[in-house]
Amino acid sequence: MNGRVDYLLTEEEINLTRGPSGLGFNIVGGTDQQYVSNDSGIFVSSIKENGAAALDGRLQEGDKILSVNGQDLKNLLHQDAVDLFRNAGYAVSLRVQHRLQVQNGPIGHHGEGEPSGIPITVVVVPVFALIVVAAWAFMRYRQRL
């Protein structure tokens with residue numbers, strides 16, 4: 001493994017209906033308080049249990065919100081972004097960027113019934129050796145009695 005972490009960026013349109021506790025998530029970021037180095041975007045910091053976002057299930061902590069009701073969130077102060085969310089209305093459309101971590105290295109195909117983890121011989125051989133040693137020790141001990 002080369003120690004490098006790769007990410008796959010995907011975008012999704014998420015429509016939420018404002019509930020009693022608002023949209024049900026908190027944000028961080030903005031041009032005045034960058035949350036991610038070299039990125040002044042607006043990010044989801046937490047999702048409130050049983051809020052609109054949690055009930056929908058698609059918005060996740062760490063997601064970057066690109067737009068609200070079609071209005072781009074680039075180059076906004078944090079408070080301006082908060083105000084935009086507060087004044088977005090009852091039905092809110094979010095354009096969201098998900099950042100998914102992907103596995104480094106080749107991805108092998110495992111057929112049905114094939115183990116995807118440690119090869120069986122790596123487990124069986126040491127266990128068999130341990131059994132043989134235990135049987136030998138038992139026999140030696142028994143002969144001395």
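**Pockets, a surface patch and two loop residues**

Good morning. I begin with the second largest pocket, which is lined by 14 residues; Phe-43, Gly-62, Asp-63, Gln-97 and Arg-99 lie nearest its centre. Please bear in mind throughout that this is a predicted model. The space in this second largest pocket comes to about 210 Å³. Strand S6, covering residues 91–102, gives the most to the lining, with 4 residues. By character, the lining of the second largest pocket divides into 5 nonpolar, 4 polar and 5 charged residues.

How are such spaces found? Rolling a probe the size of a water molecule over the atoms shows where empty space is left.

I turn now to the largest pocket, whose volume is about 280 Å³. Which residues line the largest pocket? They are Arg-18, Ser-21, Gly-22, Leu-23, Gly-24, Phe-25, Asn-26, Ile-27, Lys-48, Val-82, Phe-85 and Arg-86. At least two residues of this lining come from strand S2 (25–29), and at least two from helix H2 (78–86). The lining of the largest pocket holds 5 nonpolar, 4 polar and 3 charged residues.

My next topic is the surface. A nonpolar patch is formed there by Ile-120, Val-122, Val-123, Val-124, Val-127, Phe-128, Ile-131 and Val-132, and together these residues have about 740 Å² of accessible area. Let us take one member, Val-123, which lies in helix H3, residues 120–144. Is Val-123 buried or exposed? The reply falls between the two: because its relative accessibility is 44%, Val-123 counts as partly exposed, a class that runs between the cut-offs of 20% and 50%.

Finally, I should like to consider the backbone at two asparagines. Most residues other than glycine have a negative phi. Asn-38, however, has a positive phi, near 60°. Where is Asn-38 found? Its place is the loop between S2 and strand S3 (42–47). Asn-38 counts as exposed because its relative accessibility is 74%, and the cut-off for that class is over 50%.

The second case is Asn-69, whose phi is also positive, at about 50°, although the residue is not a glycine. Asn-69 sits in the loop between strand S4 (64–68) and strand S5 (71–72). With a relative accessibility of 38%, Asn-69 therefore counts as partly exposed.

To review, we have looked at a largest pocket of about 280 Å³, a second largest pocket with about 210 Å³ of space, and a nonpolar surface patch that includes Val-123. We closed with Asn-38 and Asn-69, each with a positive phi. Thank you for your attention.

Terms used:
Residues are numbered from 1 along each chain as its sequence is written. This is a predicted model: local features need pLDDT of at least 70, side-chain atom pairs count only at pLDDT 80 or more; totals for chains, interfaces and linings use all residues. Side-chain values use heavy atoms; hydrogens and water are left out. Patches are made of residues with over 30% relative accessible area and no salt bridge: like charges are joined within 9 Å, nonpolar side chains (Val, Leu, Ile, Met, Phe, Trp, Tyr) within 5 Å. Accessible areas come from the Shrake-Rupley method with a 1.4 Å probe; for residues, only the protein chains shown count as cover. A salt bridge is a side-chain nitrogen of Lys or Arg within 4 Å of a carboxyl oxygen of Asp or Glu. Buried means under 20% relative accessible area, exposed over 50%, partly exposed in between (1.4 Å probe, protein chains only). On a 1 Å grid over the protein atoms alone, a cavity is a set of points where a 1.4 Å probe fits but cannot get out, and a pocket is an open set with protein on both sides within 12 Å along at least five of seven lines; lining residues have an atom within 4 Å of a point. Grid points are joined across faces, edges and corners, and a volume is the space filled by probe spheres set on the points. Ala, Val, Leu, Ile, Met, Phe, Trp, Tyr, Cys and Pro count as nonpolar, Asp, Glu, Lys and Arg as charged, and the others, Gly among them, as polar.
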